[in-house]
Amino acid sequence: MFAMDFPVDGSREKAVEGRRAAEAERKARIFSTRSRVMGVDLSTLDQQVEERQLQREAERQREKAFGHLRSSQDRAQLEQDREEHENLSAINSDLAQYWATHQRVEDSRDADLICYQQGASKFTIPEDELGPSSMQVFLGEDAEASQRRREQIVTTERELQAQKEDAETRRTKERRIEDLVMKTLVHQDLRAVELEAQEEECRRAVRMALSNYNHALAAERTETLREQHRKDEGQSLAEMGHMVTSDILTECPEAAERGQGRVLTDRWRGMTPQQLSAIYREREEQRLRRQKQQETERAREAAWDLEQMSLARRGEEVERKERELQRDRKIELDQYNMRLAREQQAHQEYLDKKLYTNKPSGDYFNQFNTTSR
């Protein structure tokens, strides 16, 4: 047999060590008193905080990249707009140069007419360069051009004269209309002044009439007040005479008894001695009755006080007996509790010294909860 050295496979041992380390970490996490009581997984929280910080940093980097991208795009857009504006300006300049070079007015087909209408010198072509098809005026054509031109001049002068006359007539009519308007405005102003003067006169007349009416009302009110004052004075004098001659000031006692069964209070002058003596007798009788009633009340109150005192004494006796009974009951309850305590102590001694003599050690309790599964 040949002795061969095969490489040792350590994956199995590594796997076992990894499982042991994971089990130890799990046991430390599960059997940790702080984590179990508070219910807080610090490692998970730290991991969440770190993930949140990484997420915020990524968002910050993304926002920064977006900002750079926006700035570059804005610069590119501005550059593109500037290039388009320069290209458009170059195109317009080239187009104007092309028009000025290749599309001049004097090179057009109607250049002679256009230049003649613009006041330029008449454009002519040498005769030797013109052919039969280039002739514009033939012999014998437009023989009455001078006569027609003179008639056109006369017609133009006649039309101008008519226009001048129409303008003069129109200006004359406008001046007449302006004069008429001015006269109308002056007439309206004069009429307004007259109406204002008439209104002022009417207001003055109204004020005078109102003043006269107020004076008349004041005089009438003064006369009415004077008449009322005279009437009040007459009534006051009549009342004073009636008061002096009536029974009110004569002190006549019979005057108060003329009211058919009732006393006239405005004429009553006091009671007679007989009436006063009857009132005194009635008051004395009432005082005696009141005194007898008070004596009866005092006797009744004294009897009630005696009854209350007897009831209080009986109540105190009952309370004293109740306190004695409660004291006896408390003594009996204390004796019963002491007997129960002695019995419980004897039972506990029996359990500790005779029944439960083999107590479990710490190894018995340590065999539980040794794994996380």
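## A pair one turn apart

R60 and E57 sit 3 residues apart in helix 3 (residues 42-102), so about one helical turn separates them. Their side chains meet in a salt bridge, with 2.4 Å from N to O. R60 is partly exposed, its relative accessible area being 47%. E57 counts as partly exposed too, because its relative accessibility is 36%. That pair makes a handy starting point for a tour of this predicted model.

## The overall fold

Let's step back and look at the whole chain. The protein chain has 7 helices and 0 strands, and read along the sequence it follows the pattern α-α-α-α-α-α-α.

How much of the chain counts as buried? Of its 373 residues, 3% do. The chain exposes about 35300 Å², and carbon and sulfur atoms supply 54% of that area. As for contacts with a separation of 6 or more, 25% of them come from residues 24 or more positions apart.

## How confident is the prediction?

The mean pLDDT of the protein chain is 80, and 77% of its residues reach 70 or more. Which elements have the lowest and the highest mean pLDDT? Helix 4 (residues 111-117) has the lowest, at 54, while helix 6 (residues 273-355) has the highest, at 91.

One stretch deserves some care as you look around. Over residues 119-123, pLDDT stays under 50, and the model has 3 contacts beyond four places in sequence for these residues. Where pLDDT is low, the predicted coordinates should not be read in detail.

## More salt bridges

Side chains of opposite charge can pair when their charged atoms come close. In this model the count comes to 18 salt bridges, including the one between R60 and E57 that opened the tour.

Another of them is in helix 1 (residues 11-30), where E17 and R20 lie 3 residues apart, about one turn of the helix. Here the side chains of E17 and R20 meet at 3.5 Å, N to O. Are these two residues exposed or partly exposed? E17 counts as partly exposed because its relative accessibility is 46%, within the range from 20% to 50%. R20 counts as exposed because its 55% is over 50%.

## Helix 5: a network and a patch

Helix 5 spans residues 145-245, and there is plenty to explore in it. R203 and E200 both lie in this helix, 3 residues apart, about one turn of the helix. Salt bridges that share partners join E199, E200, R203 and R207 into one network. Within that network, the side chains of R203 and E200 meet in a salt bridge of 2.7 Å, N to O. R203 has 38% relative accessibility, so it counts as partly exposed. E200, at 29%, counts as partly exposed as well.

Now for a nonpolar feature. Which residues make a nonpolar surface patch of about 370 Å²? They are I177, V181, M182 and L185. L185 has its place in helix 5, and it counts as partly exposed because its relative accessibility is 41%. That value is over 30%, so L185 passes the accessibility cut-off for being part of a patch.

## What to take away

As you turn the model, you can look for the 7 helices and for the salt-bridge network of E199, E200, R203 and R207. You can also look for the nonpolar patch that includes L185. Remember to treat residues 119-123 with caution, because their pLDDT stays under 50 and low-pLDDT coordinates should not be read in detail.

Note on methods: Residues numbered from 1 in each chain as written. Heavy atoms only, no water. Patch = residues over 30% accessible without salt bridge, like charges linked within 9 Å, V, L, I, M, F, W, Y side chains within 5 Å. Areas by Shrake-Rupley, 256 points an atom, 1.4 Å probe, with all protein chains shown as cover. Salt bridge = Lys/Arg side-chain N within 4 Å of Asp/Glu carboxyl O. Helix = DSSP H or I, 4+ residues; strand = E, 2+ residues; numbered from the N terminus. Buried < 20%, exposed > 50% of the residue type's maximum accessible area, 1.4 Å probe, protein only. pLDDT = per-residue confidence, 0-100. Contact = heavy atoms within 4.5 Å.
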